[in-house]
Amino acid sequence: MTHLPNDMAALVYTGPNALDVTRAPLPVPGPDEALVRVRAVGICGSDMHAYHGHDSRRPAPLILGHEAAGEVVGGPRHGARVTINPLVIPAGDAAAAAGRPHLSAARQILSMPPRPGAFAEYVAAPLANLLDVPDDFPLAKAALAEPMAVSWHAVRIGIERLFGAPFATALVLGGGAIGVGAALVARHMGAGAVWLAETNAARRDRLSGLEGISVCTPEVAAQSCDGCDLVIDAVGAVATRAAASALVRPGGVIVHVGLLPGEAGFDIRRITLQEITLTGSYCYTPQDFADCFSSMVSGALGPLDWAETRALSGGPAAFADLDGGRVAAPKVILQP
């Protein structure tokens, strides 16, 4: 019999720019769910958005965090090492039946009510959302599966929207985890030349060893890759939308995956006259998640050694450092 504590350590969002390392009730798994002992959980840009008080879907107090990996506690899969697909879709949903479950109006995600997130020692998740992690694959890297799946989906739909036209060049704007993932996936999916444009010099230095990817400033990208087949905007700012509009080739594709607020920046006239496809990209399908994780485990997406790990107890400082631009790594992983 597995003996569990009555409560757990958790990093709780308590209000704008405020986090508290405290004790919280242990999650109670529902039917067909499992309790997972969290070993690694990433800080996402959406967690930062909530931390700033800009996400009404995530009201305080709340345990954030949805990029998690760990071990199942209790039940038929006790002891299994797993990474978690945090996107929960109800059975029989119409969007799922149409092959696009991630667009379901009834979707839930860990870190949004009614589902507490994974910045804690334990989290509950549906059994169907757990993917087995090989014994020789570190759980800290397995926690990258969720942001990497976002990247995988963005690149996949971008290539599909080229409608069979050549896919030789890709430009990714933004060197956070989604941008890095998109560059790695674009290389894996056949781009002969991949540029990754990042404004932060320390982050560029951190990423300079990525094989087959030209890490550069936005200015160098503008000079080097004018006329790209596929542009991934992993930032979503006015400047990156403008750059995407200018640097994609006629008939090319822009995939907008960044979630910064605002709508300005796109050159709609050029997009129209040059028949450029502009599409949003949100999350991933379960197949995207599984395919991406399989590629991660096989090594096809590189050594995945660009994340920084910190203790969960250092969560408030990690958020403050990210907010202040003091982190060179594209991703910070917290370890409870």
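Helices here are DSSP runs of H or I with at least four residues, numbered from the N terminus. The model is a predicted one.

**Helix H5 and its surroundings**

Just past the end of H5, glycine 190 adopts a positive phi of about 120°. H5 itself covers residues 177–188, 12 residues in total. From first C-alpha to last, H5 reaches 16 Å, close to the 16 Å expected at 1.5 Å a residue.

Buried means under 20% relative accessible area. By that cut-off 9 of the 12 residues of H5 are buried, so the helix is largely enclosed by the rest of the structure. The buried residues are Ala177, Gly179, Val180, Gly181, Ala182, Ala183, Leu184, Val185 and Ala186. Both helices and strands supply the cover, including the elements below.

| Element covering H5 | Residues |
|---|---|
| Helix H4 | 145–160 |
| Strand S11 | 169–173 |
| Strand S12 | 193–197 |
| Helix H6 | 201–207 |
| Strand S14 | 228–233 |
| Strand S18 | 331–335 |

**H4 against H10**

H4, one of the elements that cover H5, also packs with helix H10 (residues 286–298). Their axes lie 8 Å apart, at an angle of about 110°. That angle makes H4 roughly perpendicular to H10. The crossing is right-handed.

From H4, the contact draws on Ala145, Glu146, Met148, Ala149, Trp152, His153 and Arg156. H10 meets them with Asp288, Phe289, Asp291, Cys292, Phe293, Ser295 and Met296. By class, the H4–H10 contact has 8 nonpolar, 2 polar and 4 charged residues.

How values were computed:
Residues are numbered from 1 along each chain as its sequence is written. This is a predicted model: local features need pLDDT of at least 70, side-chain atom pairs count only at pLDDT 80 or more; totals for chains, interfaces and linings use all residues. Side-chain values use heavy atoms; hydrogens and water are left out. Helices (H or I, at least four residues) and strands (E, at least two) are DSSP runs, numbered from the N terminus. The expected span of a helix is 1.5 Å times one less than its number of residues. Buried means under 20% relative accessible area, exposed over 50%, partly exposed in between (1.4 Å probe, protein chains only). Contact means heavy atoms within 4.5 Å. Axes are lines fitted to C-alpha atoms, for helices over the stretch in contact, and angles run from 0 to 180 degrees between N-to-C directions. Angles under 35 degrees count as roughly parallel, over 145 as roughly antiparallel, 65 to 115 as roughly perpendicular and the rest as oblique. A crossing is left-handed if the near helix is turned anticlockwise from the far one by less than a right angle, and right-handed if clockwise. Ala, Val, Leu, Ile, Met, Phe, Trp, Tyr, Cys and Pro count as nonpolar, Asp, Glu, Lys and Arg as charged, and the others, Gly among them, as polar.
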